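Hi,

Here is the structure I promised to pass on. Have a look at it first, and then read my notes underneath.

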Amino acid sequence: MQLAKRLLFTEEYYFSKKLREIEEMNSTGKKVINLGIGSPDLPPHPDVIETLKEYAEQPHTHGYQNYKGILPLREAISSWYKRFYQVTLNPNTEVLPLMGSKEGIVHICMTYLEEGTEALIPNPGYPTYASAVRLSGAKAVTYDLSEENGWLPDLKKLEQMNLSKVKIMWINYPHMPTGTDSTQEFFEELVQFAKRNNILICHDNPYSFILNDNPKSILSVEGAMDVAIELNSLSKSSNMAGWRVGMLVGNAQRLQEILRFKSNMDSGMFLAVQMSAAKALSLDKSWYDELNAVYRERQKIAFSMLEHLGCKYDPKQVGLFTWGRVPEKYDSAYELSDEILEKARVFITPGGIFGEAGKQYIRISLCGTLDTFSEAMNRIIEISI
Ligand SMILES: Cc1ncc(COP(=O)(O)O)c(C=O)c1O
């Protein structure tokens, strides 16, 4: 079959290919320790599981649900935003539950982009931004982030470019893969930039609770509701990656426009999942504190691993990963990642998959038990690097 043109520049997702390779390695010898993917290994809160059971057992909960999500979930999202981000959202119009934030990235691109338009995407950044922009037919224009610039975009430099075709700009802080948090000042500058250039800022915010005591939303900045929308997710902060629950929040008109696309793609989430998500969002700060106590211990070993490999890193980084610069002797971090995979059977993500600007870096996921980390560390120490 001839593939549709929109797929010509969209390859199979890197991790989908890599996991196949790792499975093949597993069938021929010692199991590979995978420190590549950010899928939380810890379970959700027991009350969340109880809620799922309770609603799944009832006979009337199995039908199609409302396209814009049930009210108790939208209310829970709204009060979560108020409690943790100091943002007021109308649960009827300014909150849209999603089946994970990844689908939201595609919905937003399909709603606003088409051939002849452009979207700004971060380099390095989450690969789905570029794929979703390309699937929509638009051009993905990368903006470079660098260690020297504190991994924040240079807005002055961006404004020297021709931005007339740019409709949306993807940003993501705390930033994956570098673990950089943003500042309130940066969000304020960004809102002004968006106003001056008539660009919709799409902030992807799934990591704000991980190893971070100060979660921020761009919507807390004055005027942001006019020019920005925000994606958020329960995947990382509630250990519910496989449940597929996310949200889009912001301007009511934007959400209505995006629902026009989304409501043609799916038919709502299982009621029991939505009720459980509402429960997860009602947990207090101690839930995040306990989670972070675990991640902090893992981060210490991940830092030692980076040190052992001769990598430099920022000890203040936040989020679910650890990011470090590989020694100069490597042409790229792909080389180091392949060497560790082959000799130690430990998989660590090469930063180049997030864009050219990540080429000299590696990313270690914190989604493994302390035992897994110790074993990975031992295996790495055993090989001579
Ligand atoms: C930056 C970023 N955005 C979005 C997602 C997707 O998260 P979700 O599980 O909510 O679709 C990920 C997942 O790894 C991510 O790293």
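Below is what turned up, going from charged pairs to a small sheet and then the ligand.

One caveat before the details: this is a predicted model, so please read everything here in that light.

Let's start with the charges. The whole structure holds 15 salt bridges. The one I'd open in the viewer is arginine 298 with aspartate 41, where the closest N and O atoms are 2.9 Å apart. The two partners come from distant parts of the chain, 257 residues apart. Arginine 298 belongs to helix α11 (residues 285–308), while aspartate 41 sits in the loop between β1 (33–34) and α2 (46–56). The two ends also differ in how they are covered: arginine 298 has a relative accessibility of 3%, so it counts as buried, whereas aspartate 41, at 34%, is partly exposed.

Helix α11 has another pair for you. Lysine 300 and glutamate 297 meet there through their side chains in a salt bridge, with 3.0 Å from N to O. Because they are three residues apart in helix α11, about one helical turn separates them. Glutamate 297 comes out as partly exposed, since its relative accessibility is 37%.

Then there is lysine 316 with aspartate 314, a salt bridge whose closest N and O atoms are 3.9 Å apart. That value falls just inside the search, because a salt bridge needs the two atoms within 4 Å. Lysine 316 is exposed at 68% relative accessibility, and aspartate 314 is partly exposed at 38%. Elsewhere in the salt-bridge list, Glu103, Lys262 and Asp266 are joined into one network by bridges that share partners.

Now for a charge without a partner. Glutamate 230, in strand β7 (residues 228–233), is buried yet has no salt bridge. Where is the nearest side chain of opposite charge? That is lysine 216, and it is 11 Å away, so a salt bridge between them is ruled out by the 4 Å limit. What glutamate 230 does have is polar contacts between side chains: one with asparagine 205 at 3.3 Å and one with serine 217 at 3.0 Å. Not counting neighbours within four places in sequence, the residues in contact with glutamate 230 include Tyr81, His203, Ile218, Leu219, Met247, Leu248 and Val249. If you plan to assign protonation states, this is the residue I'd like to talk over with you.

On to the sheet. Four strands make up an open, antiparallel sheet in the order β9-β10-β13-β12. Its edges are β9 (312–313) and β12 (349–350), each of which pairs on one side only. Between β9 and β10 (residues 321–325) there are two bridges, again in the antiparallel sense. Tyrosine 313, for instance, has glycine 324 in β10 as its bridge partner.

Last, the ligand. How many residues surround the ligand? There are 14, and the closest are Ser101, Asp204, Tyr207, Ser233 and Ser235. Three polar distances are worth pulling up:

- Serine 101: an N or O atom of its side chain is 2.7 Å from an oxygen atom of the ligand.
- Aspartate 204: a polar side-chain atom lies 2.5 Å from a nitrogen atom of the ligand.
- Serine 233: here too, a side-chain N or O atom is 2.7 Å from a ligand oxygen.

Shout if anything looks odd at your end.

Cheers

Terms used
Residues numbered from 1 in each chain as written. Predicted model: local features only at pLDDT ≥ 70, side-chain atom pairs only at ≥ 80, totals over all residues. Heavy atoms only, no water. Buried < 20%, exposed > 50% of the residue type's maximum accessible area, 1.4 Å probe, protein only. Lys, Arg positive; Asp, Glu negative; His and termini not counted. Polar contact = N/O pair within 3.5 Å; in protein donor to acceptor, adjacent residues only side chain to side chain. Contact = heavy atoms within 4.5 Å. Pairing = 2+ DSSP bridges. Near = heavy atom within 4 Å.
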